[in-house]
Amino acid sequence: MKIFNTLTRRKEEFKPITPGKVGIYVCGPTVYDYIHIGNARPMIVFDTLRRYFEYKGYEVNYVSNFTDVDDKIIKRAIADNVPSEVISERYIEECRKDMKALNVRPATTHPQATKEIPDMIEMVNTLIEKKHAYEKNGTVYFRTRSFPDYGKLSHKNIDDLESGHRDEAHQLKVSGEDEKEDNLDFVLWKPKKEGEPSWGSPWGDGRPGWHLECSVMSKKYIGGTIDIHAGGEDLIFPHHENEIAQSEAANGTEFARYWMHNGFLKIDNEKMSKSLGNFFTVREICEKYDPQVVRFFMLSAQYRSPLNFSEELIIASKNSLERILTSAEKLHDIINNPASAESLKDGEAEIIDGVKPFIAKFEEAMDDDLNTADAVSAVFELVKYINLKTTADVSKALAAELYKTLETLTDVLGIIIEKKEDSLDEEVEKLIEERQQARKNKDFARADEIRDKLLAMGIELKDTREGVKWKRI
Ligand code: AMP
Ligand code: ZN
């Protein structure tokens, strides 16, 4: 499998540190509100990466944090007049619900910054001992120039950064934070302010800086060197650059071998922002559209491309997904109610063989830096093939084989093709039965009434050779 590595700016063949295993760390959300639709993109694409590694037989250790101590959380806690952890715990719960709706599997570990403070203090201590960090009045700074490779991920030159910081430095002096040795130095530990959450440390009560948590938690839950580090492209600088500096300076080993960054999601071709009024939470979108459609939409583009979110595009995704689900349902019906043989009939083994090129195409696309757009095209080709080959008289065994292939590929994408049986099903089935009875009794007025009632419930009936079928509209 080839992965575009932000570090080298090239597609590289993926080679795991330990054969058969892969450790992936994905920067997770800051939990001060419901996650927005942009946050869902890294969740969905890197969950798909994880699923694809598993499909290829890897054992995946997937770690993604919740940033649960941060200025935005504190601000929200003050506004709501509750302790900071009430806000973070509430939105971690809500985030987990959204992830579940989007079929994003829980990570192997979801560490939280506030639960890893002792390890963070330990890393800061190591950095101070190694002269990569220093303390000034309760604040600990990383000595950026002590790390010669600074800028290697974002491909920035440290001297250009320095000059870019001049104006900012002036402002910093105004705000009283003028104790840094160098404007490029960044905070590892900040002292307590009244009313803020804090922990005891050798430098007084305070809290960790944001970058530090990912360095510490990835080391603890994956190891000193991790296979893949991922997140949105906005994190390349300074967040990931600073993570590299801290980790490599403290551990003396390479931090991450492959860096993957997803492109941004825009709304109607504009940056999503609260002030423009085009800011949507996952919760809002999922009330309007099936979360599966949202997931499918996210995978309609390769993860590094920018992706535009609009009503029109979501509807297009809904219709495309429908084609896959309809094909799966047709197979499902044959499996449950085969019109002819149970086992394979003459010539059907060849039909099963015929799916191989579509699987190969799917894998080739995924192997090419997780090109889900092309992988989805391969699934459509498979669907077309299935529709062509599944006449009503195919055997149950053939239908089952084709279903299995479709299910295996869509499962890598996190799309569920199995029809959900819910409590509504029973009510619908009862009404359909009643309608059939009414028709038998030639009570067509009642039969029509039931059809209209179901329509109002969002259920459409279709009379087929095999009986009445229904679907949600
Ligand atoms: P945050 O809570 O802002 O730290 O973001 C959590 C994750 O969502 C990070 O990996 C961000 O890069 C990513 N992210 C935020 N906004 C967008 C967006 N509009 N499109 C894609 N990814 C985003
Ligand atoms: Zn991070």
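Which backbone atom lies 2.8 Å from a nitrogen atom of ligand 1? The views below take this predicted model piece by piece, and the second one gives the answer.

**View 1. Ligand 1 and the residues around it.** Welcome to the ligand site: 17 residues surround ligand 1, and T30, N39, G232, D234 and L265 come nearest. Sorted by class, this shell holds seven nonpolar, nine polar and one charged residues.

**View 2. Backbone contacts to ligand 1.** Here is the answer to the opening question: a backbone N or O atom of L265 lies 2.8 Å from a nitrogen atom of ligand 1. L265 is also among the residues that come nearest to the ligand. G38 takes part through its backbone too, with an N or O atom 3.2 Å from a nitrogen atom of ligand 1.

**View 3. A side-chain contact to ligand 1.** Now look for N262, which uses its side chain: a polar atom there lies 3.3 Å from a nitrogen atom of ligand 1. How much of the ligand does the protein bury? Taken alone, ligand 1 exposes 490 Å², and the protein buries 88% of that.

**View 4. The pocket that holds ligand 1.** Step back a little to see the setting of the ligand. Ligand 1 sits in the second largest pocket.

**View 5. A salt bridge in helix 1.** Leaving the ligand, turn to helix 1, which covers residues 40-55. Both D47 and R51 lie in this helix, four residues apart, about one turn. Their side chains meet in a salt bridge, with 2.9 Å from N to O. The structure holds 34 salt bridges, and the D47 and R51 pair makes a friendly place to start exploring them.

Notes:
Residues are numbered from 1 along each chain as its sequence is written. Chains are lettered from A and ligands numbered from 1 in the order in which they are written. This is a predicted model: local features need pLDDT of at least 70, side-chain atom pairs count only at pLDDT 80 or more; totals for chains, interfaces and linings use all residues. Side-chain values use heavy atoms; hydrogens and water are left out. A residue is near a molecule or strand if one of its heavy atoms lies within 4 Å of it. A polar contact is a pair of N or O atoms within 3.5 Å; within protein, one must be able to donate a hydrogen and the other to accept it, and residues adjacent in sequence count only if both atoms are side-chain atoms. Accessible areas come from the Shrake-Rupley method with a 1.4 Å probe; for residues, only the protein chains shown count as cover. On a 1 Å grid over the protein atoms alone, a cavity is a set of points where a 1.4 Å probe fits but cannot get out, and a pocket is an open set with protein on both sides within 12 Å along at least five of seven lines; lining residues have an atom within 4 Å of a point. A molecule sits in a cavity or pocket if more than half of its atoms lie within 2 Å of its grid points. Ala, Val, Leu, Ile, Met, Phe, Trp, Tyr, Cys and Pro count as nonpolar, Asp, Glu, Lys and Arg as charged, and the others, Gly among them, as polar. A salt bridge is a side-chain nitrogen of Lys or Arg within 4 Å of a carboxyl oxygen of Asp or Glu. Helices (H or I, at least four residues) and strands (E, at least two) are DSSP runs, numbered from the N terminus.
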